[in-house]
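Biologist: I should like to learn how to read the features of a protein model. May we begin with polar contacts?

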Amino acid sequence: MLNVALVGTGNISASHLRAYLQFPERCRVVALCDVVPERAEARKQELGLDDAVVVASHEELLDRQDIDLVSVCTPPSTHAPITIDLLRSGKNVLVEKPMAPSLTDCDAMLRAERESGKVLSVVAQNRFRDDIAVLKEALDSGLLGPVAHLRTDSAWWRGVPYYDLSWRGTWQSEGGGPTLNHAIHHIDLMLWMLGAPQAVAAMMTNAWHDNAEVEDLSVALLQYDRAVAQLTSSVVHHGEEQEIVVQGRDASVAQPWKVRSETTQPNGFPTSNGDTALVARLEELAAAHEKLAHLGHTGQVDDVLAALETGRAPAIGGADGRRTVEVVTAIYQAAIERRTVDLPIPADSPYYTGEGVLENAPRYFTKARSIDDLEGTISVGGEAR
Ligand SMILES: NC(=O)c1ccc[n+]([C@@H]2O[C@H](COP(=O)([O-])OP(=O)(O)OC[C@H]3O[C@@H](n4cnc5c(N)ncnc54)[C@H](O)[C@@H]3O)[C@@H](O)[C@H]2O)c1
C-alpha cells in the first residue's frame, strides 16, 4: 500500500485525487497541502479523504518518511522548488505539466531525481486516450511509410477572465501562454510520435486577451530530417476543434480518426479510389485496438503506481517533460527573435534560464486585474466536448 500526498488542491487536484481513489487496494491519500488550507480542507470533505491530514506548506511533508508519492498540482513557477524538496526528502513525485517554465528548472529537477534515486513523472495524460493510442499504433505499424508532415491544432478557447486568475497571464508566474500551458499536451504527443525536431520557426501574438502579458496564439514549424510538422497553440479558437493529422508517404491518419491513401496514375495525378487495401488494413488495425484499462489522469496514476510497485521506470519521465519545455522555449525564442532556432538549445543560450526568457519576452498587455478564485466549471486537457 503506497501512501500518497498532494500539494496544491485547486482545479486539477480533483483529477489526481479521483484517480488515486480508483485504486483503494494500492494507495491511500494521507496528506493534502495548500497555502490556502481551507481549500485543502474543502477538497478533503468533498472527496471523503478521511485519512488525509491538511497542511499549509509542503515543507511539513518533508520529514514524513511514510509518504511514498506526492502529486504536485501548484502553479508552474512553483513546480521546481517543491518537486526538488520532495525528491531530496525521499518522495517520488508526479508533477503537473508544464514540468517548469525554464530549462534550468527542468535540469535541476532531473538532477534531484538522479541524485535521490526517486521517481519523477510529468503529467501528459493524453497519452492515456484510446483515440491517441490508435494514432500511435498506426504510426508504429509502419503502414504509413515515412512521415512527411504532421499537423496539430492545439485549439482551445478561453475568455478574457481566464487570465484574471492571480498566477495566470504573466511570464513570471505562468511562464507563458497557451504554447507552454495548453499545447504542451500536443507537443508531448508530437514528440512521442516523431521524436525531437532539429529546428523550430514560429510567430506569435496576443490577439485579444487584454489582461495578459503572454501570447494567446502561436504558430510554429518543426523541421525534421525529411519531414515538417506544424503546430498551432491557441486560446482563441471557437469550438476548440483539436486535430492531429499525420501524412505518411503511403497513407494519412488523423485524430479524430480518419484514414486516406492516394495512389498514382501514370501522369502522377491521384487515382479516383486510392489504395483501398491499405485503407482497409489501417481500419482493421484501429478496430483491433484493445481499449486502455484506465484513461487520462487515472491512466497515468495507474502507470506511476505500477512503476513504484515493480521498480520499472514510469511511461512518462522527467526527460519527457523537459523535451516539451525545450520545444516551447525554441518556439518563444524563434518568435521573439524572428529567426529559426536549432535544437538542442545550448546551455549558454539566453533563453535557457527563466531570467533569460523573462528578459526577452514581449509584454503584450499589462496584467491589471488579479483574482484568487474564479467561478465556473473547468474542462481538463483534451477532454471530448
Ligand atoms: N493536465 C491538465 O490537463 C491540467 C489542467 C489544468 C491545470 N493543469 C496544471 O496544474 C497546475 C495547477 O493548475 P490549477 O488549474 O489546478 O490551478 P489552481 O489555481 O486552481 O490551483 C493551484 C493551487 O495551488 C495552491 N498553491 C499555490 N502555491 C502553492 C505552494 N507553494 N504550496 C502549496 N500550494 C500552493 C493554490 O492555493 C491553489 O489552490 C498548473 O501547472 C496547470 O498548468 C493541468
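Modeller: A polar contact is a pair of N or O atoms within 3.5 Å. Please keep in mind that the model shown here is predicted.

Biologist: Which atom in the side chain of His79 does an oxygen atom of the ligand approach, and at what distance?

Modeller: The partner in the side chain of His79 is an N or O atom, and the distance to the ligand oxygen is 3.1 Å. Lys97 also places a polar side-chain atom 2.9 Å from an oxygen atom of the ligand. For Ile12, it is a backbone N or O atom that lies 2.9 Å from a ligand oxygen.

Biologist: How many residues surround the ligand, and which are the closest?

Modeller: The ligand is surrounded by 26 residues, of which Asn11, Asp34, Arg39, Gln125 and Trp167 are the closest.

Biologist: How is the chain divided into domains?

Modeller: Such bounds come from an automatic or database domain assignment. Here domain 1 covers 2-124 + 295-316, while domain 2 covers 127-292 + 324-360. Their centres, taken over C-alpha atoms, are 27 Å apart. To the contact, domain 1 contributes 22 residues and domain 2 contributes 23 residues.

Biologist: What does the interface between domain 1 and domain 2 contain?

Modeller: Together the two domains bury about 1,800 Å², with 67% of that area on carbon and sulfur atoms. Between domain 1 and domain 2 there are zero salt bridges, but seven residue pairs are in polar contact. On the side of domain 1 that touches domain 2, α4 (103-116) and α9 (296-310) each give two or more residues. By class, that side of domain 1 has twelve nonpolar, seven polar and three charged residues.

Note on methods:
Residues are numbered from 1 along each chain as its sequence is written. This is a predicted model: local features need pLDDT of at least 70, side-chain atom pairs count only at pLDDT 80 or more; totals for chains, interfaces and linings use all residues. Side-chain values use heavy atoms; hydrogens and water are left out. Contact means heavy atoms within 4.5 Å. Buried area is the accessible area (1.4 Å probe) that two parts lose on being put together, summed over both. A salt bridge is a side-chain nitrogen of Lys or Arg within 4 Å of a carboxyl oxygen of Asp or Glu. A polar contact is a pair of N or O atoms within 3.5 Å; within protein, one must be able to donate a hydrogen and the other to accept it, and residues adjacent in sequence count only if both atoms are side-chain atoms. Helices (H or I, at least four residues) and strands (E, at least two) are DSSP runs, numbered from the N terminus. Ala, Val, Leu, Ile, Met, Phe, Trp, Tyr, Cys and Pro count as nonpolar, Asp, Glu, Lys and Arg as charged, and the others, Gly among them, as polar. A residue is near a molecule or strand if one of its heavy atoms lies within 4 Å of it.
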